[in-house]
Amino acid sequence: MRIFKGCVIVACATVAVFAMTRTYAFDGAADPDSASAPLGAVTTSSGVAVVKKTLPANSNALTALQYAAEDGHAAAQWKLGKMFADGVGVERNDLRAFDYFSRIANQHAEDNPGAPQANIVANAFVALGRYYTTGIANSNIKRDPERAREMYSYAASYFGSAEAQYSLARMYLEGKGIQRDVKYGVRWLGLAAHKGQHEAQALLGQMLFNGDHLQRQAARGLMWLTLAQESATPDEKWIHQSYNEALTKASEDDRAMALQMLQRWVQGRRD
């Protein structure tokens, strides 16, 4: 599957972040005419026709969005990719979503990380990573943990995406499909947590409070869990449960120290 234009290669995304050197994280591309070419690639005319079949008859705005996507506008491609991935306004089609996310990755992998569309590009890599994590049923997009790691690594190191850093941390911590490396997992988790990624904050807090693979720091763990539960949705019950359990088990000293840490965190964010 060719996902990157120009055969950009990253030798070691982890070293890129922790050694403060910039590297690129992609492997080579196969023949675009082979089975490894991006699925769902279409010409402008056929692409518009296919999408129109799935859109309401009066959806002029969506049709315009499709034309913009075919003209290479990353924001339009991202919007349509999300629509097909979530089944919002169109019938859900993961292959279509994968195609739009792939176009963004192909066209914008080497964009400046400070560019206006950089967040969209990073999110496209994260979305591709998630598809490679699970695969797409009844397609030739198979589960490929190593490919998923590449997607996350690039978005995490080059674009500094907190979502990618969290996803990469989970892969290293769980060792699912790749060699488990708790040290790297914790480092990526810390980077994401400090950027405000609430799932990373919750997991890091859980590990610190319980002393799981880390020296136990109950107060610091409670601080991270408190931050996480404030941002968590009602559906993220594991975060609320972890916070409540930690709060119940924490000593008065731990609670007081956690409060002081929270105040410093808030002040630091304001500064």
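## Lining of the largest pocket

In this predicted model, α8 gives the largest share of the lining of the largest pocket, five residues. That helix spans 162-174. It is joined by α6 (118-134) and α7 (145-157), and each of the three supplies at least two lining residues.

The lining residues are Arg130, Thr133, Arg143, Pro145, Tyr152, Tyr166, Ser167, Arg170, Met171, Glu174 and Lys176. By class, five are charged, four are nonpolar and two are polar. The space in this largest pocket comes to about 290 Å³.

## The second largest pocket

The second largest pocket has a volume of about 240 Å³. Its lining numbers 13 residues. Closest to the pocket centre are Trp78, Lys82, Phe101, Ala127 and Arg130.

Which helices supply at least two residues each to this lining? They are α4 (74-86), α5 (94-108) and α6. The largest share, five residues, comes from α6. Six of the lining residues are nonpolar, six are charged and one is polar.

## Where the two pockets meet in the sequence

Arg130 appears in both linings: it is listed for the largest pocket, and it is among the residues closest to the centre of the second largest pocket. Helix α6 also serves both. It supplies at least two residues to the largest pocket and the largest share to the second largest pocket. In the largest pocket, the largest share falls to α8 instead.

Methods
Residues numbered from 1 in each chain as written. Predicted model: local features only at pLDDT ≥ 70, side-chain atom pairs only at ≥ 80, totals over all residues. Heavy atoms only, no water. 1 Å grid on protein atoms, 1.4 Å probe; cavity = no way out; pocket = protein on both sides within 12 Å on 5 of 7 lines; lining within 4 Å. Points joined across faces, edges and corners; volume = space filled by probe spheres on them. Helix = DSSP H or I, 4+ residues; strand = E, 2+ residues; numbered from the N terminus. Nonpolar A, V, L, I, M, F, W, Y, C, P; charged D, E, K, R; others polar.
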